[in-house]
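Trainee: Could you take me through one part of this model slowly, as if we were looking at it together at the bench? I would like to know what lies around it and how it connects to the rest.

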Amino acid sequence: MSNAPKILAFAGSARKDSWNKKLVAIAAEGAAIAGAEVTQIDLRDFPIPLYDGDDESEYGMPAHAMTLRELLLEHQGLLIASPEYNGSISPLLKNLIDWTSRPLPGSNGPSPYSGKVATLLSASPGGFGGLRGLVHVRAILGNLGVIVLPEQLAVGSAHEAFAADGSMASSKQQTAVEELGAGQARLLAKLHGLTLSTGCSERRHDMTRLR
C-alpha cells in the first residue's frame, strides 16, 4: 500500500480544449514526478445539476456529486486550475463545491474540505491570466477549512502559452508549473509524515485518470 501523499487534480472547466485542463495536467505531472500519488479527473465526466436545496431534500446528493465527495475525502491535497468568469470563480467549480460541501444526513463524518492543502492555478487569454478569479476561489476554499498555499500561478495570453502537445510554449513557464505541483507534494509529505516515491524516473503513466 502506497504511503505517498495523495493529490486530486482537476480544472474548473468542462471545455474539451480548456487551457486550464492543460495547465493542471502539467502541475499534476510535476507532483507525480516528485513522488506523489496523483488522481487527475475531468469534471466533464461528472455532470451534476445546479445545486437546489429542494432537490437535495427530496432526492439527496446526486451520484456524481457523491463520487466527487468521496474523492475529496481520499486525498490530502488539491491541485485546481480555475478559469475566470467575469472576474470570479467558474460556475462549474462553484457548483461542485456547493454540492460536495453539503453534510450528509445522519452522518457525523469529516468534511471533505477541512484540513486539505490546495494549490491554485489559472489560465486566461487576458493579461491577468485569471488572477482575479483566484482571489474568490481562495476565499471560498479558505472558508471551508482548506489550507490554500500562497504560491499560485496565473498564465496570461493563454491562447499563445501552450504548444501543440499541451506543454507550455515557454520552458521556463513549464518548469514553474511543474514546480508548483512538486512543491505541494513535498509539503504534504512533511505535514503528514508520508514518503515520496522518487524511485520512478518517469511517472506520467502512473497517474490515475478517473472517468
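Mentor: Happy to! Let's start with helix α4, where Leu 93, Asn 95, Leu 96, Ile 97, Trp 99 and Thr 100 are buried. Keep in mind as we go that this is a predicted model. What covers these buried residues of α4? The cover includes β1 (6-11), α2, α3 (63-74), β3 and α5, so keep those elements in view while you turn the model.

Now zoom in on one residue of the helix, Trp 99. At 1% relative accessibility, Trp 99 counts as buried, because the cut-off for that label is under 20%. Its ring has a partner: Tyr 51 and Trp 99 form an edge-to-face aromatic pair, with 4.8 Å from centre to centre and 75° between the planes. The structure holds 1 aromatic pair, so this is the one to look for. Tyr 51 sits in the loop between β2 (37-41) and α2 (53-59), while Trp 99 belongs to helix α4 (residues 91-100), so the pair ties together parts that are 48 residues apart in sequence. Compare the burial of the two partners: Tyr 51, at 26% relative accessibility, counts as partly exposed, whereas Trp 99 is buried.

Next, step from the helix to its strands. β3, α4 and β4 make a right-handed β-α-β unit. Strand β3 (residues 77-81) and β4 run parallel, and 5 bridges join them. If you want a landmark on that side, find Leu 79, whose bridge partner in β4 is Thr 119.

How enclosed is strand β4 itself? Of the 7 residues in β4 (residues 117-123), 7 are buried, so the strand is largely enclosed by the rest of the structure. Both of its faces are covered. On one side you will find Val 117, Thr 119, Leu 121 and Ala 123, and on the other Ala 118, Leu 120 and Ser 122, all of them buried.

From β4 the path carries on into a further unit. β4, helix α5 (residues 131-143) and β5 make a right-handed β-α-β unit, and α5 is also among the elements covering the buried residues of α4. Strand β5 (residues 147-155) runs parallel to β4, with 6 bridges joining the two. Two places to check by eye are Ser 122, which stands opposite Ala 154 in β5, and Ala 123, whose bridge partner in β5 is Val 155.

Before you leave this region, look at the loop between β4 and α5, where Phe 128 lies. Phe 128 is exposed, with a relative accessible area of 57%, in contrast to the buried residues of β4. The C-alpha atoms of Phe 128 and Glu 84 are separated by 9.8 Å, although these residues are 44 apart along the chain.

To put the pieces together: α4 contributes Trp 99 to the aromatic pair with Tyr 51, forms a right-handed unit with β3 and β4, and has its buried residues covered by elements including α2 and α5. Strand β4 then belongs to the next unit as well, with α5 and β5.

Technical notes. Residues are numbered from 1 along each chain as its sequence is written. This is a predicted model: local features need pLDDT of at least 70, side-chain atom pairs count only at pLDDT 80 or more; totals for chains, interfaces and linings use all residues. Side-chain values use heavy atoms; hydrogens and water are left out. Rings of Phe, Tyr and Trp (its six-membered ring) pair if their centres lie within 6.5 Å; planes under 30 degrees apart count as stacked, over 60 as edge-to-face and the rest as tilted. Helices (H or I, at least four residues) and strands (E, at least two) are DSSP runs, numbered from the N terminus. Buried means under 20% relative accessible area, exposed over 50%, partly exposed in between (1.4 Å probe, protein chains only). Two strands pair if DSSP finds at least two bridges between them. A crossover is right-handed if, with the strands pointing away from the viewer, the path from the first strand over the helix to the second runs clockwise. Contact means heavy atoms within 4.5 Å.
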